[in-house]
Structures are given as C-alpha cells and as structure tokens.
Amino acid sequence: MFNVAVLGYGTVGSGVVKVINDNNQVLKKFSGEEINVKYVLDLRDFPGDPVEKILVHDYEAILADDDVKCVVEVMGGVEPANKFVRQAIEKGKSVCTSNKELVARYGAEILQLAKDNNVAFLFEASVGGGIPVIRSINESLTADNFDSIAGILNGTTNYMLTKMSNEDLTFDEVLKDAQDKGYAERNPEADVEGYDACRKIAILTSLICGQQVDFEDISTEGITGITKQDIYYSKKLGLPIKLLGLMKKENDKVYAMVAPFMLENDHCLRNVDGVYNAVSLHGDMLGDVMLYGQGAGSLPTASAVVSDVVEIAKNNSKNIPIKWAKEKVALGDITTFKARYFVRVEGEGQSDKLRKTFENACFAPQLTGETAFVTATAFSEKEIKEKLDGYSVLNLIRIAE
Ligand SMILES: NC(=O)C1=CN([C@@H]2O[C@H](COP(=O)(O)OP(=O)(O)OC[C@H]3O[C@@H](n4cnc5c(N)ncnc54)[C@H](OP(=O)(O)O)[C@@H]3O)[C@@H](O)[C@H]2O)C=CC1
Ligand SMILES: N[C@@H](CC=O)C(=O)O
C-alpha cells in the first residue's frame, strides 16, 4: 500500500481523490502498488462527503505518520504551501504539486532539498494542466537543444477569448463563467493579467535551460486591454487573439515574454480554443513538436497530479533527478523583439496618411471613430510607438507568424 496525503480539498484536490479512487486499478498497474489516500487536509469540514472520515485540520498529524510516503500539495499560494512542502521533504516524504506559484519561485531550491533528502519533488500539473509537458521535457525531449517555446499556457484566458469571440459576451461575464467552471485562480488577476502564464513560461524556460529563470524578469501583459472592438477586428481579419507565453534563444541569449497576439493563418496554435492549452517547442534535431490538452479544470489537472504520484510510487519514493540549478539566467532585452502589429488609432479615414508611414499596411473594415490596420513590416515596441507619435493609439497587438 502506498499512502498519500492530499493538502487542499478544492477543485484540484477533490479531483485527485476521485482519480485515485476511481482509477485505482490503472494506478496499480503502472505503479505496482495500491495507492491510498490516507489523509485529506483542509481548513473546512465537508459534512456528508466520504472524505470526512480521513479529513484532518492539523498538518502535524500527516507529518508524524511514517506510513505517508507522498504529500500532494494542491492548496495553492506560496505560504504555507512552501513551508508544508519543505517539512514533508525533511521528514523523508516525496511531494508533488500543481502549484506553479510555488514552483516558479522555489522550484530549484525545493528540488535541491528533495535531492538532499533522497525523495522526489514533481510538479507535472504546474504547467498546462493535464498536458504531460514537464515529463516530456525531462524524460523524452532529451536529445535536442531547444531554441524556442510558444505556448497557450492559461486555460482561463483562452476560454475567455474564445467565448468573447464566439458569443456576444462581456469580459466580466466570461470571467465569471471560467471561475464557475473551476479554471480560474483564487485571485483571477493572476490569469487575466498574464501572471499565471508568466510563471508557467518561467518554469518551462528554467527546465529547458537547466537554470533558474525568475518570473519577475519576464515582460508580461495580460488580456485586460483586449476590448470588444479588438475582437471584432480579429474576426474580420481572421486573426484570432491568444495570450502567448514565448521563449526564444538567439546568439546565446534567452528572451521570454507573455502578451496577447493575433495569430496568422498557418500558426500552429491558432486553433487551440476554449480551456485547451498547447505548447510548441523547436529542437535542433527534432524540429517542431507540439503538446495539446486541457489546461485547467478539476479532472484533467488531477490526472497530471496523480501521474506524479504513480511516478513517485514506481520509484519507491526515491529522488527523481530534474536539472534546475539555482544560478540565474540573465534574460535578453525583450524591447528589441520585433513583430508586425495590429494598430487602432482614433479618428476615421486616416488610411491615406498612415499609408505614408506604414507602407503596404493592410487596413481593416473600420468601426466608427477609428482607423485600424496591420503593418506589413516588423517593428520593436519602441519603433512602432515612435512611428505612431502624434496619433491617439487605441490599441496595439502583436502578430504571431
Ligand atoms: N483549478 C485548476 O484548473 C488548476 C489549478 N492549479 C493549481 O492548483 C492549486 C489548487 O488550485 P484549486 O484546486 O483550483 O484551488 P481551490 O481554491 O479550489 O482549492 C484549494 C483548497 O485548499 C484549501 N486550503 C487553502 N489553504 C489551506 C491551508 N493552509 N490548509 C489547508 N487547506 C487549505 C482551500 O480551503 P478554503 O477554500 O477553505 O480556503 C481549498 O479547499 C493552485 O496552486 C492552482 O494554481 C493548477 C492547474 C489547474
Ligand atoms: N488558472 C489556471 C489554472 C491552471 O493552471 C489556468 O486557467 O490555466
């Protein structure tokens, strides 16, 4: 019997208990042992829920029980999750987590602690929900130098942008819907301001580089500036808007950013809709590879968490090496990143004047009181702002080729 304790009985935690109970035979087949949830820790009581019998409110009970080999941290937030995870490891228990905030901030340190204590620390669900992207990077994509990652890494915002485009709903209405479905973070600002996608691209970049990439260093823009008017143009132009997390290596420099983009016709991520996420990586030998699946939600996320539990049981709860050193990667200056732009400026009928500055620009069917177009040339953010000096700019969205 392989006993686990689940910390947090919310969207993901309740999914973890369900996956372990409902798919017990599958888990046994792959891990070689029966997996059992011995404890669930939460702040609340759950009267009438079968979990009531194993519910505890005091973490010490879990730490003190040597039969618990693996702690599943699915509470979220940095503290006390960070403290609980370290205490478990120091007590000789392996840990898996879906907590990207914790992993992005302390991943390298906790991996070292796990190594020192000869236990495992895994975090498959921290990026891409149910998509097995982390195990793929650590165990399968090990023969290449990867020079780029492009990902739709946040289920909430992709769900919102898809709904805003397909149905005539407001930002607040679609956000509420994503929250009701359990996709959004406790504070949904993390989703809509791009912080969640930023932590995820930081984790992926750290794993690709084998070194720490601080999420605070990554230029991050969310979707709060995307209006109904932008969605109107995106439909007219056939360029769907997606929040992308990007990493690029060029001349030994690493660049990373999160921002909304309009995706060109042949872009591999343009048909990734709803709560689905996808991560596309480019390797020097393999070429392009893409992973796709549900990026949020109770069961897809829990499936990834439980796959970590299986991996830990299979490895007898011993350390599973993951290369992520504490030394920091100094990111390149993203303001030099060039892209074509979708531009909206105040005032109708300005196309003749704008054409003089933006040669071969493609003008969109206009909405009252403004002029909108897509540039034919790529510019850095600084360059395009200089070119638009004197215009009242309503929005600027990069185009992803
Ligand atoms: N939802 C999703 O689709 C995904 C979520 N994640 C990540 O997984 C983690 C959990 O997310 P999710 O399940 O959605 O969050 P929820 O808020 O639904 O669940 C968290 C649970 O943990 C409990 N909890 C919080 N603090 C403590 C504590 N100190 N001691 C005991 N219990 C505590 C909460 O109790 P209470 O409600 O009483 O505060 C709640 O029941 C987060 O890190 C999130 O970012 C990752 C991928 C997908
Ligand atoms: N809030 C996150 C949950 C999964 O990581 C998202 O919407 O992607």
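The following legends describe close-up views of one predicted model.

**Figure 1. Division of the chain into domains, and the contact between domain 1 and domain 2 in the predicted model.** The chain is divided into domain 1 (2-129 + 298-327), domain 2 (133-294) and domain 3 (338-400). Taken over C-alpha atoms, the centres of domain 1 and domain 2 are separated by 26 Å, and their contact takes 22 residues from domain 1 and 24 residues from domain 2. On the side of domain 1 that touches domain 2, at least two residues are supplied by each of α5, α12 (298-314) and β14 (325-328), with α5 giving the most, namely 6 residues. By class, the residues of this side of domain 1 divide into 9 nonpolar, 7 polar and 6 charged.

**Figure 2. The surroundings of ligand 1.** Ligand 1 is surrounded by 26 residues, of which the closest are Gly-8, Gly-10, Val-12, Gly-76 and Ala-296. Helix α1 (residues 11-22) gives the most to this shell, with 3 residues, and the shell as a whole divides into 10 nonpolar, 11 polar and 5 charged residues. Because domain 1 (2-129 + 298-327) and domain 2 (133-294) both give residues to the shell, ligand 1 lies between them.

**Figure 3. The segment of residues 8-124 annotated in the UniProt record.** In an unreviewed UniProt entry, the annotation "domain: Aspartate/homoserine dehydrogenase NAD-binding" covers residues 8-124. Over these residues the chain is 44% helix and 18% strand, and the C-alpha atoms at the ends of the segment are 17 Å apart.

**Figure 4. The environment of Lys-100 in helix α5.** The unreviewed UniProt entry carries the annotation "binding site" for Lys-100, a residue that is found in helix α5 (residues 100-116). Lys-100 is buried, since 26 other C-beta atoms lie within 10 Å. When residues up to four places away in sequence are not counted, Lys-100 touches Ser-126, Val-127, Asp-196, Arg-199, Lys-200 and Ile-203.

**Figure 5. The surroundings of ligand 2.** The residues around ligand 2 are Gly-129, Asn-154, Gly-155, Thr-156, Tyr-183, Ala-184, Glu-185, Asp-191, Asp-196, Gly-295 and Ala-296. By class, this shell has 3 nonpolar, 5 polar and 3 charged residues. Two of the residues in this view also appear in other legends: Asp-196 is among the residues that Lys-100 touches, and Ala-296 is one of the closest residues to ligand 1.

**Figure 6. The largest nonpolar core, with a closer look at Val-16.** The largest nonpolar core has 125 residues, and those that touch the most other members are Val-16, Val-72, Ile-201, Val-305 and Val-309. Helix α10 (residues 195-209) gives the most to this core, with 9 residues. Leaving aside residues up to four places away in sequence, Val-16 touches Val-6, Val-72, Val-74, Ala-302, Val-305 and Val-306. As general background, nonpolar side chains in soluble globular proteins tend to be buried together.

**Figure 7. The loop that holds Asp-252.** Asp-252 is placed in the loop between β10 (241-250) and β11 (253-263), and it counts as exposed because it has 6 C-beta neighbours inside 10 Å. Although Asp-252 and Gly-332 are 80 residues apart along the chain, their C-alpha atoms are separated by 9.4 Å.

**Figure 8. The cis peptide bond between Glu-79 and Pro-80.** Glu-79 and Pro-80 are joined by a cis peptide bond, for which omega is about 5°. Pro-80 lies in the loop between β4 (68-73) and α4 (81-90).

**Figure 9. Positive phi values at Asn-118 and Asn-316.** Asn-118, which is not a glycine, has a positive phi of about 50° and lies in the loop between α5 and β6 (121-122). Asn-316, likewise a residue other than glycine, has a positive phi near 55° and is found in the loop between α12 and β14. Asn-118 counts as exposed because it has 12 C-beta neighbours inside 10 Å, and Asn-316 is exposed with 12 other C-beta atoms within 10 Å; each assignment rests on the cut-off by which a residue is exposed if 12 or fewer other C-beta atoms lie within 10 Å of its own.

Notes: Residues are numbered from 1 along each chain as its sequence is written. Chains are lettered from A and ligands numbered from 1 in the order in which they are written. This is a predicted model: local features need pLDDT of at least 70, side-chain atom pairs count only at pLDDT 80 or more; totals for chains, interfaces and linings use all residues. A residue is near a molecule or strand if its C-beta atom, placed from the backbone, lies within 6 Å of it. Helices (H or I, at least four residues) and strands (E, at least two) are DSSP runs, numbered from the N terminus. Ala, Val, Leu, Ile, Met, Phe, Trp, Tyr, Cys and Pro count as nonpolar, Asp, Glu, Lys and Arg as charged, and the others, Gly among them, as polar. Domain bounds come from an automatic or database domain assignment. UniProt positions are given in the numbering used here, feature names are shortened, and annotations may be inferred rather than shown by experiment. A residue is buried if 20 or more other C-beta atoms lie within 10 Å of its own, exposed if 12 or fewer, and partly exposed in between; C-beta atoms are placed from the backbone. Two residues are in contact if their C-beta atoms, placed from the backbone, lie within 7 Å. A nonpolar core is a set of buried Ala, Val, Leu, Ile, Met, Phe, Trp, Tyr and Cys residues joined through C-beta atoms within 7 Å.
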